[in-house]
2 protein chains.
Amino acid sequence: MTASTLARRISAAAALSLLAACASEPPIALKDMGSFHVGGREVLITGKPVKEVVFTPGGVPAKVDPNGLYQVEQMYVQYFIPARQRGSLPLLMWHGGGLTGVTYESTPDGREGWLNYFVKRGWAVYNSDAVERGRSGWAQYPDIFPGEPIFLTKENPFERFRIGASGAGNYNKDPAKMKTLPGSQFPVEGYDNFTKQVVPRWTTTDPAIIAAYTALVDKVCPCVVLVHSQAGQFGLKVAQARPDKVKALILVEPAGVGDATQFAALKNVPILAVYGDYIEQDSRWPQMKANGVRFLDGVKTAGGNYEVYDLPKMGIRGNSHMIMNDRNNLDVAAVMQKWLESKGLYR
Amino acid sequence: MTASTLARRISAAAALSLLAACASEPPIALKDMGSFHVGGREVLITGKPVKEVVFTPGGVPAKVDPNGLYQVEQMYVQYFIPARQRGSLPLLMWHGGGLTGVTYESTPDGREGWLNYFVKRGWAVYNSDAVERGRSGWAQYPDIFPGEPIFLTKENPFERFRIGASGAGNYNKDPAKMKTLPGSQFPVEGYDNFTKQVVPRWTTTDPAIIAAYTALVDKVCPCVVLVHSQAGQFGLKVAQARPDKVKALILVEPAGVGDATQFAALKNVPILAVYGDYIEQDSRWPQMKANGVRFLDGVKTAGGNYEVYDLPKMGIRGNSHMIMNDRNNLDVAAVMQKWLESKGLYR
């Protein structure tokens, strides 16, 4: 059958149904998805006494020899490659402290998060769990990790993440009784589920985390890196170490900064810093925001450029520290998408 | 423009390119993807002394109050819903001990795993991290979890998972020097990466794990449940508790069994047990396989039905305990797919 014969044989109805089928392309069309671990090191433990461990409560103690070679400080990364890539570079998402890559997946109340948003717009997204969090695993302490892990109570993030006002009694198990900040966009009915996303964390593992992120950048970049909170310092420090590979940085409420002796390393890396609402009245965030902006001013003085999106000043109000979980999370994603487009990183 | 006018305007070339576009549908077409946590409970810790914790090595000790309400024993679940669902029911994948849902993602040498295989064939897949593993988080011990976590050395799974022959010196850091079992299908060049997938585990958390899996089944089933190794007992016990919701069970090398006082609960649940190679010569697996088959015989006596796929007897040779990671992993997936089709669970 020749092409022209074929064309003639396509009836009007068939052509229309063909068009309809193509138009109803699935919302998420992927060329590939998968995961890998990157980085880490090996630690040999020797000379330890064999321990007696009770494997099951009430059971007979069993001998466990803790000596041997251990794999530690590797990092888990999950990737989604769209069928039609429109982001010019891969987009890496790095979560904040006490959390995992779940931060960027579905919101705690079950809406779409930033991972889906950017994959749907054609970005190849690499979402990771920092060293010692989530699927990256963690190492025995104090033998390998110095110090103890920190566990957060359910109430802890409520005020600290600018969801509820400060003061006893504002957090409540019953969402209807929680006293949130006026106009808060945090989906308070999902707060309980949000606390299920919290994982133990160490405060002594920054060098290992930075080493693993650097290994990731060496593996998959050039790229754009989007970071949140604790990962602010990781994004800035890794970009300072690999300024040829990190082509743009989005800092979502960074809680820490980079190396102030290496401002010039970032002079060719466009940087966007995004801050939510209720910062002025907070006990900690005015200082953290000032630290962030002061660092970026240093980068600017060294020849770089940055923008700060102060969301309330742009008319986007009510955002907590968990902007990617807030009810207007996709409005903020759209603002970041536009910034990426303005930097020529989208086709 | 009417439909007939439209049809006439489609040139032969355009019609062909339209057909080509539709034919080149992306390999992974999803209606939705996302994640959630399920289950868990709250624990109030009171009366503990405030501790001094050194947050940064060499830093000033800070006071940490460990008292408060904690969220524990929740479970992380990630889901992928194909645009065109052909599996009649959702397919739940439960990993083995010391591992996470990463088991079913890319293989340690970077090929496609069972998650992609079944999603591509139109199954809605729910892949989870058991309680206290991966993105499910873990609770402080001994205050909440009884007992200590177990850490595996890099060498530990090499013989135990029937990759290498037993004996000192068969494991080697250099893949070229590893002595694998003759004809092994395990991708030994990815063994080092496989050890990065290993996470700490407790041996005291079975009831919490079963409670979370039961909560998952209550949330998303009726379904098919596919389990591996340690999860053998979880799949069987949860199916015994919810026989109306677990419509089929695939047990991949189950290391444990269900409740032998409740065989009849499984009489309407078709069960497939799959075993790999090198079992007869192993020090532990002949007994574990015999335990599994004896349990399934009990189910059969109570009116149920099961099949055992002894892969080497079917001509599929060389499989380790990590069948989903082996080089022929998709051949085994195809065998399981056919079994599911034979049970009327595919359309």
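This passage describes the fold of chain A in a predicted model, then one of its helices and the pairing of one of its strands.

Chain A contains 9 helices and 10 strands. Of its 347 residues, 49% are buried. Looking at contacts in chain A with a separation of 6 or more, 71% involve residues 24 or more positions apart.

Helix H7 of chain A, spanning residues 231-241, makes a good place to look inside the chain. Because 9 of its 11 residues are buried, H7 is largely enclosed by the rest of the structure. The buried stretch begins with A:Ala231, A:Gly232 and A:Gln233, and it also takes in A:Phe234, A:Gly235, A:Leu236, A:Lys237, A:Val238 and A:Ala239. A residue counts as buried here when 20 or more other C-beta atoms lie within 10 Å of its own. The cover over these residues comes from both helices and strands of chain A. Among the covering elements are helices H6 (206-220) and H8 (285-301), together with strands E5 (91-94), E7 (223-228) and E8 (246-252).

Strand E1 of chain A, residues 28-45, has a partner within its own chain and another in chain B. Within chain A, E1 runs antiparallel to strand E4 (residues 68-82), and 14 bridges join the two. One of the residue pairs in this arrangement is A:Val43 with its bridge partner A:Tyr70 in E4. Across the chains, E1 of chain A pairs with E1 of chain B (residues 28-38), again in the antiparallel sense, over 3 bridges. Here A:Ala29 has B:Ala29 as its bridge partner.

Conventions. Residues are numbered from 1 along each chain as its sequence is written. Chains are lettered from A and ligands numbered from 1 in the order in which they are written. This is a predicted model: local features need pLDDT of at least 70, side-chain atom pairs count only at pLDDT 80 or more; totals for chains, interfaces and linings use all residues. Helices (H or I, at least four residues) and strands (E, at least two) are DSSP runs, numbered from the N terminus. A residue is buried if 20 or more other C-beta atoms lie within 10 Å of its own, exposed if 12 or fewer, and partly exposed in between; C-beta atoms are placed from the backbone. Two residues are in contact if their C-beta atoms, placed from the backbone, lie within 7 Å. Two strands pair if DSSP finds at least two bridges between them.
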